[in-house]
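User: I'd like to learn how to read a model like this one, feature by feature. Could you walk me through it?

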Amino acid sequence: QVLLVESGGGLVQAGGSLTLSCAASGVSFSSVTVGWFRQVPGKEHEFVAMLRWRTSMTHYGESVKGRFTVSRDNAKNTVFLQMNSLKFEDTAVYYCAASGRADCSVTGCYERRLYDYWGQGTQVTVSS
């Protein structure tokens, strides 16, 4: 059974930083593509960041590029999302997800439907 558990969310002032963690069991993060998405009420999931398996290349949504960094600790089987210079509009529930699709390692996977496993989400609230 695959289980993803996010942590690290919370309340932060605009301009501050947070680091989210996603710990996995039942799957190795070194062999899947890991994505971060976020969602606000009434809207679709928004792609935030991705760490491709095989190449370990990273990709970011336009709204977070230059401020967020995704990384992986293979020994801990954990993926991190470092979020700097947070803005009010970054407020959302953040989810990590994993995809075993081979094409994700080649072209990347930016759509929610391409991910097989999801965490429960962690709330990030940025006060203005």
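User: Let's start at the front end. Is Val2 buried or partly exposed?

Analyst: Keep in mind throughout that this is a predicted model. For a call like this, you compare the relative accessible area with the cut-offs: under 20% is buried, over 50% is exposed. Val2 comes out at 22%, so this residue counts as partly exposed. As for its place, Val2 sits in the segment before β1.

User: And which residues does Val2 touch, leaving out those up to four places away in sequence?

Analyst: Skipping the sequence neighbours is the way to see what the fold brings together. Here the partners of Val2 are Ser25, Gly26, Val27 and Tyr117. For Gly26 there's a distance too: its C-alpha atom is 4.3 Å from that of Val2, though the two are 24 residues apart along the chain.

User: Moving on to β1, which side chains point to which face?

Analyst: In a strand, look for alternation. Along β1 (residues 3–7), Leu4 and Glu6 point to one face and are buried. Leu3, Val5 and Ser7 point to the other face and are not buried.

User: What is β1 joined to, and how do the two strands run?

Analyst: β1 is joined to β3 by five bridges, and the two run antiparallel. To get the register, pick a facing pair: Leu3 stands opposite Ser25 in β3.

User: Now the interior. Which residues touch the most other members of the largest nonpolar core?

Analyst: The general idea is that nonpolar side chains tend to be buried together in soluble globular proteins. In this structure the largest nonpolar core has 28 residues, and the ones touching the most other members are Phe29, Trp36, Phe68, Leu81, Met83 and Tyr94. Two or more residues come from each of β3 (18–25), β4 (33–39), β5 (46–51), β7 (68–73), β8 (78–83), β9 (92–99) and β11 (122–127). Apart from this core lies another, of eight residues, including Phe37, Phe47, Met50 and Ala97.

User: Let me zoom in on one member. What is Met83 in contact with, beyond its neighbours within four places in sequence?

Analyst: Met83 contacts Gly16, Ser17, Leu18, Leu20, Arg67, Phe68, Tyr94 and Val124.

User: There's an arginine in that list. Is Arg67 buried or exposed?

Analyst: Don't judge by residue type; check the number. Arg67 has 10% relative accessibility, so it counts as buried. Arg67 lies in the loop between β6 (58–60) and β7, and its side chain reaches the backbone oxygen of Ser63 at 2.8 Å. Leaving out residues up to four places away in sequence, Arg67 touches Gln82, Met83, Asn84, Ser85, Leu86, Lys87 and Asp90.

User: Ser85 is on that list as well. What is its phi?

Analyst: When scanning backbone angles, pick out positive phi values in residues other than glycine. Ser85 is one of these, with phi near 50°. Ser85 is in the loop between β8 and β9 and is partly exposed, at 41% relative accessible area. Ser56 also has a positive phi, about 60°, without being a glycine. Ser56 is in the loop between β5 and β6, and its relative accessible area of 34% makes it partly exposed.

User: Next, the rings. How many aromatic pairs does the structure hold?

Analyst: Six. For each pair, read the centre distance and the angle between the planes. Phe37 and Phe47 are edge-to-face, at 5.9 Å centre to centre and 75° between the planes. That pair links strand β4, where Phe37 sits, to strand β5, where Phe47 sits, 10 residues apart. Phe37 is buried at 1%, and Phe47 counts as buried at 12%. Tyr115 and Trp118 are also edge-to-face, with 6.2 Å between centres and 65° between planes. In that pair Tyr115 is buried at 5%, whereas Trp118, at 25%, counts as partly exposed.

User: Which residues form the aromatic cluster?

Analyst: Phe37, Phe47, Tyr95, Tyr110, Tyr115 and Trp118 form one cluster. And take a look at the ring of Trp118: Arg112 lies over its face, at 5.1 Å from the ring centre.

Key:
Residues numbered from 1 in each chain as written. Predicted model: local features only at pLDDT ≥ 70, side-chain atom pairs only at ≥ 80, totals over all residues. Heavy atoms only, no water. Core = buried A, V, L, I, M, F, W, Y, C linked by side-chain atoms within 4.5 Å. Buried < 20%, exposed > 50% of the residue type's maximum accessible area, 1.4 Å probe, protein only. Helix = DSSP H or I, 4+ residues; strand = E, 2+ residues; numbered from the N terminus. Contact = heavy atoms within 4.5 Å. Pairing = 2+ DSSP bridges. Polar contact = N/O pair within 3.5 Å; in protein donor to acceptor, adjacent residues only side chain to side chain. Phe/Tyr/Trp six-rings, centres within 6.5 Å; stacked < 30°, edge-to-face > 60°. Lys NZ or Arg CZ within 6 Å of the ring centre and 35° of its normal.
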